[in-house]
Number of protein chains: 2
Amino acid sequence: MPYTTQQKLALAETIMKAERPLTPDEICREVQREIPHLGRATVYRALKQFVAEGQVRPVEIPGVPTHYESAARQHHHFFFCHHCRRLYNLLGCVRGVLGLAPKGFAVKRHEIVLYGDCARCRARA
Amino acid sequence: MPYTTQQKLALAETIMKAERPLTPDEICREVQREIPHLGRATVYRALKQFVAEGQVRPVEIPGVPTHYESAARQHHHFFFCHHCRRLYNLLGCVRGVLGLAPKGFAVKRHEIVLYGDCARCRARA
DNA sequence: CCAGAATTGATACTTGATTATCATATTAAG
DNA sequence: CTTAATATGATAATCAAGTATCAATTCTGG
């Protein structure tokens, strides 16, 4: 059975406290402020464990590495900024999404991703 | 300036006639029924040209290679079947998608993808 | 038809994300 | 504490998608 280590505790805390989904590298850099010698492999191993346990959820967006967020968050979608390449959480969903499926198709999951420029990047430009 | 070749003509025709977005390999295998010695590199080069010209549009879905479809199709979204791993076109969109963006965010594009089992795979199971 | 410009196809290479390896270090149970 | 089980970290290996290379072939304008 898995051991509880300082690395995993710090990694889990960083993910749970984040206000947006993070990439493995973002998580690694953040935790390295506390554990400077933290290695990439440890991050990937911990992420795999967390996802298997159901406490963390992968967020896959084309063209960027998989991001990870707390699985405790309620259903929501994402905004990807082309400038800063950051992934923002959106609140809520929209009605009628499942109605797009043709008859006989069983929908298990859906994703909505908006692309554009975030407020911060717009202000800078 | 680009030459018009048998390969490009056949590739464009296959993409334009397809009822769903295709991967480079799917396109290659299809056109090889007409041009058996067609190489993968040629497919990728033609796709790049078609996209640059605006006649073909890439469709990016996490976890599967980029698919391509005619840019002439009107705005629509997709259904990805976990069993046959095929990408289906859906008709239309839903109201209120852009309203998910926070104030100050400029939305340029959006994607909706449904995941599940298609009618054909459900019937087989 | 001809010559130069562009394309093709086979294959090697690149790229970026993720995984395996393995010696060393940490953890937990008794 | 002790020790067996597990984790870590540095780095090499993998893997798949896409790109570069280059000799041979195909286009196109005149």
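# Exercises on a two-chain model with DNA

In this predicted model, 31 residues of chain B are in contact with 31 residues of chain A. The exercises below begin with that interface.

## Exercise 1. The interface between the chains

Determine which elements of chain B supply at least two residues of the side that touches chain A, and establish the make-up of that side by class.

Solution.

Step 1. Identify the elements. On chain B, β5 (106–117) and α4 (119–124) each supply at least two residues of the side that touches chain A.

Step 2. Find the main contributor. β5(B) gives the most to this side, with 12 residues.

Step 3. Sort the residues by class. The side of chain B that touches chain A has 18 nonpolar, 7 polar and 6 charged residues.

Step 4. Examine the strand pairing across the interface. Strand β5 (residues 106–117) of chain A and β5(B) run antiparallel and are joined by 11 bridges. Within this pairing, R109(A) stands opposite Y115(B), and A106(A) has D117(B) as its bridge partner.

## Exercise 2. The relation between the copies

State which rotation superposes chain B on chain A, and what symmetry follows.

Solution.

Step 1. Consider the superposition. A rotation of 180°, with 0.0 Å of shift along its axis, places chain B on chain A with an RMSD of 0.0 Å.

Step 2. Draw the conclusion. The two copies are therefore related as by a two-fold rotation axis.

Step 3. Compare the contact surfaces. Both copies use the same surface, since 100% of the contact residues of chain B recur in chain A.

## Exercise 3. The architecture of chain A

Describe the order of the elements in chain A and the share of its residues that count as buried.

Solution.

Step 1. Count the elements. Chain A has 4 helices and 5 strands.

Step 2. Place them in order. From the N terminus on, the elements of chain A run α-α-α-β-β-β-β-β-α.

Step 3. Consider the dimensions. Along the principal axes, the C-alpha atoms of chain A fill a box of roughly 50 × 45 × 20 Å.

Step 4. Consider burial and contacts. Of the 125 residues of chain A, 26% count as buried. Among the contacts in chain A with a separation of 6 or more, 48% are between residues 24 or more positions apart.

## Exercise 4. Strand β3 of chain B

Establish whether the two faces of strand β3 (residues 78–81) of chain B are covered or uncovered, and identify the strands joined to β3(B).

Solution.

Step 1. Recall the principle. In a regular strand the side chains alternate between the two faces of the sheet.

Step 2. Apply it to β3(B). F78(B) and F80(B) lie on one side, F79(B) and C81(B) on the other, and all four are buried. Both faces of β3(B) are thus covered.

Step 3. Identify the antiparallel partner. β3(B) pairs in the antiparallel sense with strand β4 (residues 87–89) of chain B over 3 bridges. In this pair, F79(B) stands opposite Y88(B). The hairpin has 5 residues between the strands, and in it R85(B) takes a positive phi near 55°.

Step 4. Identify the parallel partner. β3(B) and β5(B) run parallel and are joined by 4 bridges. C81(B) has G116(B) as its bridge partner, and F80(B) stands opposite Y115(B).

Step 5. Relate this to Exercise 1. Y115(B) stands opposite F80(B) and also opposite R109(A).

## Exercise 5. The surfaces near the DNA

For each DNA strand, name the residues that come nearest and the element with the largest share of the surface.

Solution.

Step 1. Take DNA strand D. Of the 25 residues around strand D, P2(A), Q7(A), G39(A), T42(A) and T4(B) come nearest. Two or more residues each come from α1 (6–17) and α3 (40–53) of chain A and from α3 (40–53) of chain B. The largest share, 5 residues, belongs to α3(A). By class, this surface has 12 nonpolar, 9 polar and 4 charged residues.

Step 2. Take DNA strand C. It is surrounded by 26 residues, of which P2(B), T5(B), Q7(B), G39(B) and T42(B) are the closest. At least two residues each come from α3 of chain A and from α1 (6–17) and α3 of chain B. Here α3(B) gives the largest share, 5 residues. The classes are 12 nonpolar, 9 polar and 5 charged.

Notes. Residues are numbered from 1 along each chain as its sequence is written. Chains are lettered from A and ligands numbered from 1 in the order in which they are written. This is a predicted model: local features need pLDDT of at least 70, side-chain atom pairs count only at pLDDT 80 or more; totals for chains, interfaces and linings use all residues. A residue is near a molecule or strand if its C-beta atom, placed from the backbone, lies within 6 Å of it. Ala, Val, Leu, Ile, Met, Phe, Trp, Tyr, Cys and Pro count as nonpolar, Asp, Glu, Lys and Arg as charged, and the others, Gly among them, as polar. Two residues are in contact if their C-beta atoms, placed from the backbone, lie within 7 Å. Two strands pair if DSSP finds at least two bridges between them. Copies are superposed by least squares on the C-alpha atoms of residues with pLDDT of at least 70 in both. A residue is buried if 20 or more other C-beta atoms lie within 10 Å of its own, exposed if 12 or fewer, and partly exposed in between; C-beta atoms are placed from the backbone.
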